[in-house]
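Let's take a walk through some strands and see who sits next to whom. Have the sequence and the 3D view ready.

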Amino acid sequence: FVRVSFATNLPVAPAPDTLVAIITSSLMDPPHYPGSTLTIDSISFIGSPLSFPNGDFENWAAVASTEPDDWTTLNFVNPMFPSAAKTSDSYAGSYALRLETIGTSWGDTLGVITNGEFGDDGPESGMVVWANPMKLTGYYKYTPVAGDTALAGVYTYRDTVAVDSGAVKLPAASAYTYFEMPLTYN
């Protein structure tokens with residue numbers, strides 16, 4: 001597992017009221033390479049009394065494929081070949097999320113998860129936050145194919161207006177590695 005961090009430029013006030021996290025096993029823009037895998041575990045905040053919902057990926061709901069509770073994946077696009085799956089190869093607890101870059105029925109190649117929903121312009125919605133978390137942290141392992149790149153990002157909103165965002169590329173890591181995304185609110 002590898003630890004990663006990136007800074008954002010969020011204002012101190014007003015505090016955001018919504019936070020959306022998005023993690024992909026490939027960059028959002030082409031090229032995409034089928035077969036890259038990213039394993040995520042132990043997502044949490046530092047500097048906030050809030051806990052990140054199901055950040056340990058211990059709770060899953062059965063649908064055509066399984067979905068981690070409080071997260072949205074692209075498994076509905078191709079449930080016979082889901083891009084997000086529960087794995088017992090975890091950093092902590094019993095389970096983690098294994099995200100794989102797969103081909104979709106509309107010809108794209110993605111492996112994406114968000115704690116929000118997929119809208120017309122990308123991830124939207126997310127979780128309610130009533131404080132200014134200082135960091136979003138977690139652990140990951142990543143096996144890229146053909147120079148692919150995994151990405152983790154965080155977006156904050158105030159009354160549906162974007163307050164700030166940030167993203168970090170997750171380099172290849174064969175063992176679980178810590179990552180963090182600081183929220184600076186400057």
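## Before we start

Two strands count as paired if DSSP finds at least two bridges between them. Keep in mind that this is a predicted model. In general, the strands of a sheet pair through backbone hydrogen bonds, and they can do that either parallel or antiparallel.

## Strand 15 and its partners

Let's begin with strand 15, residues 150-158. Seven of its nine residues are buried, so it's mostly covered, where buried means under 20% relative accessible area.

Which strands does strand 15 pair with? One is strand 1 (residues 18-24), which runs antiparallel to strand 15 and is joined to it by seven bridges. Here you'll find T18 standing opposite Y157. Another is strand 16 (residues 161-170), also paired in the antiparallel sense, this time over nine bridges. In that pairing, G153 has A167 as its bridge partner.

Strands 15 and 16 also make a hairpin, with two residues between them. Have a look at D159 in the turn: its phi is positive, at about 55 degrees.

## An open sheet of five strands

Now for another set of strands. Five of them line up in the order 6-7-2-14-17 to form an open sheet, with antiparallel pairing. Why do strand 6 (84-87) and strand 17 (173-182) each have one side without a neighbour in the sheet? They stand at the edges, so each has just a single partner strand. On average, neighbouring strands of this sheet are turned by 30 degrees against each other, ignoring direction.

At the strand 6 edge, four bridges link strand 6 to strand 7 (residues 96-100), and the two run antiparallel. T87 has A96 in strand 7 as its bridge partner.

Definitions and conventions: Residues numbered from 1 in each chain as written. Predicted model: local features only at pLDDT ≥ 70, side-chain atom pairs only at ≥ 80, totals over all residues. Heavy atoms only, no water. Buried < 20%, exposed > 50% of the residue type's maximum accessible area, 1.4 Å probe, protein only. Axes fitted to C-alpha atoms, helices over the stretch in contact; angles between N-to-C directions.
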